[in-house]
Amino acid sequence: PRGEVYDGLEEIREPIVYGKSEMICHGTGGKKNGVLLFAVGSMVETAVLVREILLQEKGIDATVVNARFAQPFDGEMLDRDLSEHRLLVTMEENVRSGGFGEHVESWVSEHHPGQEVLCISVPDAYVEHGAVPVLKKMLGLDPESIAEKTFLLLRHHLALWDVIANCEIDGSADASVREAVPVVDAAICKLIRLTGGVRVAC
């Protein structure tokens, strides 16, 4: 086996219930800038580290949830908690195609249309043999890369919607501006995902 088994968070371990997740820590970000890190398997440890980075460096108090089950995942938890979070980040050490994040994203699009989802996963490509930390860094699965990508996407949303809010306050926003914002929003979000966290001017 490669790597080591994570044995942390003993103080908050809950009894395992089929199809139910485990709340590691509940953030206080709220709907404007709240982030829900929904991780499975080895990425739970990474999610805890991502939360620490976001809190210490960006002032974002993210929620961390251990999915425990990739399928069936805990839809009841998402129904309850998504209303309090601007961005849902799924995290898995697996390819996205047919994986945990893809299933969650599909479910969310049906049950919570408009909810932004960022899927963190292994790209569907050949991965070289090597040390696990080095490979994760190369693939953008390390805590620093995930935190940067999460903050970049969240910052973009806040900046874009602040623009339209200010336009509405001073009366300069017409219907065409309001209709254009979601289109630009989606295009920039796609670019952010494709660049893997490279800074994009918003």
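Trainee: Leaving aside neighbours within four places in sequence, what makes a residue count as being in contact with Val89, and which ones do?

Mentor: Contact means heavy atoms within 4.5 Å. By that test, Val35, Leu36, Leu37, Phe38, Leu118, Ile120 and Thr150 are in contact with Val89 once neighbours within four places in sequence are set aside. Keep in mind that this is a predicted model, where local features need pLDDT of at least 70, side-chain atom pairs count only at pLDDT 80 or more, and totals for chains, interfaces and linings use all residues. Residues are numbered from 1 along each chain as its sequence is written, and side-chain values use heavy atoms, with hydrogens and water left out.

Trainee: Why is strand 2 called mostly covered?

Mentor: Buried means under 20% relative accessible area (1.4 Å probe, protein chains only), exposed over 50%, and partly exposed in between. Five of the five residues in strand 2 are buried, so "mostly covered" fits. Val35, Leu37 and Ala39 point one way and Leu36 and Phe38 the other, all of them buried. Strand 3 (residues 63-66) is covered on both faces too, with Thr63 and Val65 buried on one side and Val64 and Asn66 on the other.

Trainee: And how do you know that strand 2 pairs with strand 3?

Mentor: Strands (E, at least two residues) and helices (H or I, at least four) are DSSP runs, numbered from the N terminus. Two strands pair if DSSP finds at least two bridges between them. Strand 2 (residues 35-39) has four bridges to strand 3, running parallel, so the pair passes the test. Strand 2 also has five bridges to strand 4 (residues 87-95), again parallel. Phe38 sits opposite Val65 in strand 3 and opposite Thr90 in strand 4. On strand 1 (residues 22-25), three bridges lead to strand 3, antiparallel this time, with Met23 opposite Val65.

Trainee: What makes the unit of strand 2, helix 2 and strand 3 right-handed?

Mentor: Look with the strands pointing away from you: a crossover is right-handed if the path from the first strand over the helix to the second runs clockwise. Strand 2, helix 2 (residues 43-58) and strand 3 make a right-handed β-α-β unit, so their path runs clockwise in that view.

Trainee: How do you know that the span of helix 2 agrees with what is expected?

Mentor: The expected span is 1.5 Å times one less than the number of residues. For the 16 residues of helix 2 that gives 22 Å, and the end C-alpha atoms are 21 Å apart, so the two agree. Just past helix 2, Gly59 takes a positive phi of about 70°.

Trainee: What makes a set of residues a nonpolar core, and how many residues does the largest one have?

Mentor: Such a core is a set of buried Ala, Val, Leu, Ile, Met, Phe, Trp, Tyr and Cys residues joined through side-chain atoms within 4.5 Å. The largest has 27 residues, and Leu37, Val89, Met91 and Ile120 have the most contacts inside it. Strand 1, strand 2, helix 2, strand 4, strand 5 (116-122) and helix 6 (143-170) each give two or more residues to this core. Helix 2 gives the most, with seven. A second, separate core of 16 residues includes Leu36, Val40, Met77 and Val108.
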